[in-house]
Amino acid sequence: MEERAKKAGTYCFWAAVLIELLLVIIDKSAYINPYEGQLFRLTFLLFAVKILTTKYSRNEILFLGMVGMVAAVSYFVNTKDEAVRAVALVAACKDIDLRRLLKVVLCATIAGMAVLFVLSVTGIYGAVSVTADYGRGSGPLDPYYETRYCFGMGHPNAFQGMLFMVSTLGMYLYAERMRLWHFLAVGLVGFVFYLFTDSNTGFIVLAAAVAGVMLMKYSRAARERRLLYLLAALFFIALVAFSAYGSHTGRDTPVMYKIDRVLNGRFQYSNIYEAARVENWKLFGAAANEEFFDQGFIRLFYWYGIVPAAVYLLGNLYLIWQSYHNKDYSLCVIVTAYAVFSMMEAHLVSVYLLRNYLLLFMGYYWYQPFLERGETQGYLWQPRRILLGGK
């Protein structure tokens, strides 16, 4: 009976993952999905079935309960259910083979991107390019229209951003088997598409990620010394602090004005919304905070509030620590690269869970310390076994 329940839960998990991946691809296409909300509820229920058919220890349940409580309060205050769904995904990842999961995500995402690419370049569905003012002029009175290629994804930054995400995931999975020319090929592919998309952020962070993984792979001193991982954590904290500072000043100071010019007005645009300024951030956000802008860290605090954002950011730092503890050096590069990417794009802060691959890494690493302690485990419907169980 237990074995059948476990298999059913696993099937539900994979079904939920595939639906979430499909939702990501549909969102990138020109199609407007009228059933999106219902599908989000369906994947939440499927993840819940996986949770109910998975064994947890007492301390694991206490940990999930605390994080789940934060997500629940967030939902009741700001009415956004992504935090609750994200916790369900992370909790449901227990006992799932991480590498198999990431391979499925990688292959399905690349397949979806390929379909959108072919449909657009053949003229069947979706725009292959977009001519618009991308904000590179001197100001609103001086529009500067450009034609940039998006290959069916609505915006050139969306395509280059997705290319960056799948490239980093591919390097994580295959870095140990990759040779120098493989890394150069990844960078070359990014550069070729950059010539069409002209998306500076996507290409720069991809190039930096390739260089970072190469450094860690070929330098034993770099990947084994604690200093580099510590610097990565400090750099991550600095990016978050700088984002908070920028949300307050915008372009009000000469230094920030120059920096924001390089960042294409990301802080200026977020500052248009008064609630997005750091002095107006709330503990759990507000239902009225629904505006979209591209600065990822500011959107994180603006949408969900200080407490849920802090929990997520601590999860990022935890991944850096685990990358050092397990010598999982590619993960350290990925967390850092995604943080830099979030300075310019809010791709990871979204209602679409599987835009953010860090949730999958959190889903694997969150329970490892508990597992090492060898505590008795049981199903949620076996409270006596869990509460009375020990080592």
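A residue is called buried when its relative accessible area is under 20%, exposed when over 50% and partly exposed in between, worked out with a 1.4 Å probe on protein chains only. By that yardstick serine 330 is buried, with a relative accessible area of 4%. The model is a predicted one, so local features are taken only at pLDDT of at least 70 and side-chain atom pairs only at pLDDT 80 or more, while totals for chains, interfaces and linings use all residues. Residue numbers start from 1 along each chain as its sequence is written, and side-chain values rest on heavy atoms, with hydrogens and water left out.

Taken as a whole, the protein chain comes to 18 helices and 4 strands, where helices (H or I, at least four residues) and strands (E, at least two) are DSSP runs numbered from the N terminus. Its C-alpha atoms fill a box of roughly 70 × 50 × 50 Å along the principal axes. The radius of gyration of the chain is 21 Å, which agrees with the value near 21 Å for a compact globule of 391 residues; the radius is taken over C-alpha atoms, and the globule rule is 2.2 Å times the number of residues to the power 0.38. Of the 391 residues, 51% are buried. Contacts (heavy atoms within 4.5 Å) also reach far along the sequence: among those with a separation of 6 or more, 71% join residues 24 or more positions apart.

Helix α16 (residues 358-365) sits well inside: 7 of its 8 residues are buried, so the helix is largely enclosed by the rest of the structure. The buried ones are Leu358, Leu359, Leu360, Phe361, Met362, Gly363 and Tyr365. They pack against α4 (82-92), α5, α6, α14 (306-325), α15 (329-344) and α17 (368-372).

One of these partners, α14, packs on α16 at an angle of about 65°, with the axes 10 Å apart. Axes here are lines fitted to C-alpha atoms, for helices over the stretch in contact, and angles run from 0 to 180 degrees between N-to-C directions. That makes α14 roughly perpendicular to α16, given that angles of 65 to 115 degrees count as roughly perpendicular, under 35 as roughly parallel, over 145 as roughly antiparallel and the rest as oblique. The crossing is left-handed, a label used if the near helix is turned anticlockwise from the far one by less than a right angle, with right-handed used if clockwise. On the α14 side the contact involves Tyr312, Gly315, Asn316, Tyr318, Leu319 and Gln322, which meet Leu358, Phe361, Met362 and Tyr365 of α16. These residues divide into 7 nonpolar, 3 polar and no charged, with Ala, Val, Leu, Ile, Met, Phe, Trp, Tyr, Cys and Pro counted as nonpolar, Asp, Glu, Lys and Arg as charged, and the others, Gly among them, as polar.

Another pair is α5 (residues 98-121) and α6 (residues 156-174), whose axes come within 10 Å and cross at roughly 150°. That makes α5 roughly antiparallel to α6, and their crossing is left-handed. Contributors from α5 include Leu98, Arg99, Leu102 and Phe117, while those from α6 include Phe159, Met162, Leu163 and Tyr174. The contact divides into 15 nonpolar, 2 polar and 2 charged residues.

Helix α6 also holds serine 167, which is buried at a relative accessible area of 14%. Leaving aside neighbours within four places in sequence, serine 167 is in contact with Val186 and Leu206.

Over in α15 there are serine 330 and isoleucine 334. Not counting residues up to four places away in sequence, serine 330 touches Met171, Tyr172, Ala175 and Val213. Isoleucine 334 is buried at 3% relative accessibility and, on the same basis, touches Thr168, Tyr172, Leu358 and Phe361.

Two loop residues have a positive phi without being glycine. Phenylalanine 151, with phi of about 50°, is found between β3 (145-149) and α6 and is buried at a relative accessible area of 5%. Aspartate 198, with phi near 55°, is found between α7 and α8 (200-218) and is partly exposed at 25%. Also partly exposed, at 35%, is phenylalanine 191, which lies in α7 (residues 180-197).
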